[in-house]
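Below is a short set of questions and answers for a first-year student. Each answer works towards the value or name asked for.

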Amino acid sequence: MAKNKKVLYIGKATSLRDRLRSYFAPDIAEVRSRLIANMIVAAHSIDWRQTDSVLEALILEANLIKTYKPKANTDSKDDKSWNYVVITKEDFPQVLLVRGRALQQGVTLLRDSKVTPWKTFGPFPHGLQLQEALNLIRKIFPYRDSKCKPEQGRPCFNRQIGLCPGVCTAK
């Protein structure tokens, strides 16, 4: 952190001692970069947070980088957010895959404003793996998604292939 309380860099480390020692090597500009060397000169204090797992540290690091956008961090500055699985509170609940930013901003999960989240699970850092897991779960336990409207009269595509319980046809 600089004297003006601006965050200069956010990083995770298994050994904080080794990580800090690497920054104070005499050839830091050649080994790392000029940006890191300038960051060391401008640094006024160091703050750290301990986590219980590497995954928790990874998620915390990414969220802090997206919040503070430090100049020395070149990765993870995009506007993407983690994935969450949301189960809605309805007579026939839906299972939805939602980005964390949509949950934080209070965006309505469905166009129907009466639908509210009931249970939220996450964050999940790997979207494709989460989708694969949901597809496997759906083969065992068919569930309703956002495309299935209650009693729409005709079966939705997922009902036709056996992946929806049949809310669309009132069965």
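Q: Where does Lys5 lie, and is Lys5 buried or exposed?
A: In this predicted model, Lys5 belongs to the segment before α1 (16-23). Residues with over 50% relative accessible area count as exposed. Lys5 has 65% relative accessibility, so Lys5 is exposed.

Q: What distance separates the C-alpha atoms of Lys5 and Ala43?
A: Along the chain, Lys5 and Ala43 are 38 residues apart. In space, the separation of their C-alpha atoms is 9.7 Å.

Q: How many helices and strands does the chain have, and in which pattern do they follow one another?
A: The chain contains 7 helices and 3 strands. Along the sequence, their pattern is α-α-α-α-β-β-α-β-α-α.

Q: What percentage of the residues count as buried?
A: A residue counts as buried when its relative accessible area is under 20%. The chain has 171 residues. The buried share of these is 28%.

Q: Is Met39 buried or exposed?
A: Met39 is part of helix α3 (residues 34-42). Its relative accessibility is 10%, and the limit for a buried residue is under 20%. Met39 therefore counts as buried.

Q: Which residues does Met39 contact, leaving aside its neighbours within four places in sequence?
A: The C-alpha atoms of Met39 and Leu8 are separated by 6.5 Å, although these residues are 31 residues apart along the chain. With neighbours within four places left aside, the contacts of Met39 are Leu8, Tyr9 and Ala72.

Q: Why do the buried residues of α3 line one face of the helix?
A: The buried residues in α3 are Ile36, Ala37 and Met39. Seen down the axis of α3, they fall within a limited arc, so they line one face. On the other side of α3, Arg34 and Val41 are exposed. The arc that holds the buried residues is 160°.

Q: Which helices are included in what covers the buried residues of α3?
A: The buried residues of α3 are Ile36, Ala37 and Met39. What covers them includes α1 and α2 (28-31).

Q: Which residues make up the largest nonpolar core, and which helix gives the most to this core?
A: In soluble globular proteins, nonpolar side chains tend to be buried together. Here the largest nonpolar core has 7 residues in all: Leu8, Tyr23, Ile28, Ile36, Ala37, Met39 and Ala72. The helix that gives the most to this core, with 3 residues, is α3.

Q: In which sense do β1 and β2 pair, and which residue of β2 stands opposite Val85?
A: Strand β1 covers residues 83-88 and strand β2 covers residues 95-99. A hairpin of 6 residues joins β1 to β2. The two strands pair over 5 bridges, in the antiparallel sense. Opposite Val85 stands Leu97.

Q: Which partners does the side chain of Thr88 reach, and at what distances?
A: Thr88 is found in strand β1 and counts as buried because its relative accessible area is 0%. The side chains of Thr88 and Glu90 are joined by a polar contact of 2.7 Å. The side chain of Thr88 also reaches the backbone nitrogen of Gln94, at 2.9 Å.

Q: What span should helix α6 have at 1.5 Å a residue?
A: Helix α6 has 14 residues, 127-140. The end C-alpha atoms of α6 are 20 Å apart, which agrees with the expected span. That expected span is 20 Å.

Q: Which residues of α6 are buried, and within what arc do they fall?
A: The buried residues of α6 are Leu130, Leu134 and Arg138. Seen down the axis of α6, they line one face of the helix because they fall within an arc of 75°.

Q: Which exposed residues does the face of α6 turned away from its buried side carry?
A: The buried side of α6 has Leu130, Leu134 and Arg138. The face turned away from that side carries the exposed residues Leu128, Gln129, Glu132, Leu136, Lys139 and Ile140.

Q: Is Asn158 buried or exposed, and which residues does Asn158 touch beyond four places in sequence?
A: Asn158 lies in helix α7 (residues 157-160). Its relative accessibility is 14%, so Asn158 counts as buried. Not counting residues up to four places away in sequence, Asn158 touches Arg138, Asp145, Leu163 and Cys164.

Terms used:
Residues are numbered from 1 along each chain as its sequence is written. This is a predicted model: local features need pLDDT of at least 70, side-chain atom pairs count only at pLDDT 80 or more; totals for chains, interfaces and linings use all residues. Side-chain values use heavy atoms; hydrogens and water are left out. Helices (H or I, at least four residues) and strands (E, at least two) are DSSP runs, numbered from the N terminus. The expected span of a helix is 1.5 Å times one less than its number of residues. Buried means under 20% relative accessible area, exposed over 50%, partly exposed in between (1.4 Å probe, protein chains only). The arc is that of the directions from the helix axis to the C-beta atoms. Two strands pair if DSSP finds at least two bridges between them. Contact means heavy atoms within 4.5 Å. A nonpolar core is a set of buried Ala, Val, Leu, Ile, Met, Phe, Trp, Tyr and Cys residues joined through side-chain atoms within 4.5 Å. A polar contact is a pair of N or O atoms within 3.5 Å; within protein, one must be able to donate a hydrogen and the other to accept it, and residues adjacent in sequence count only if both atoms are side-chain atoms.
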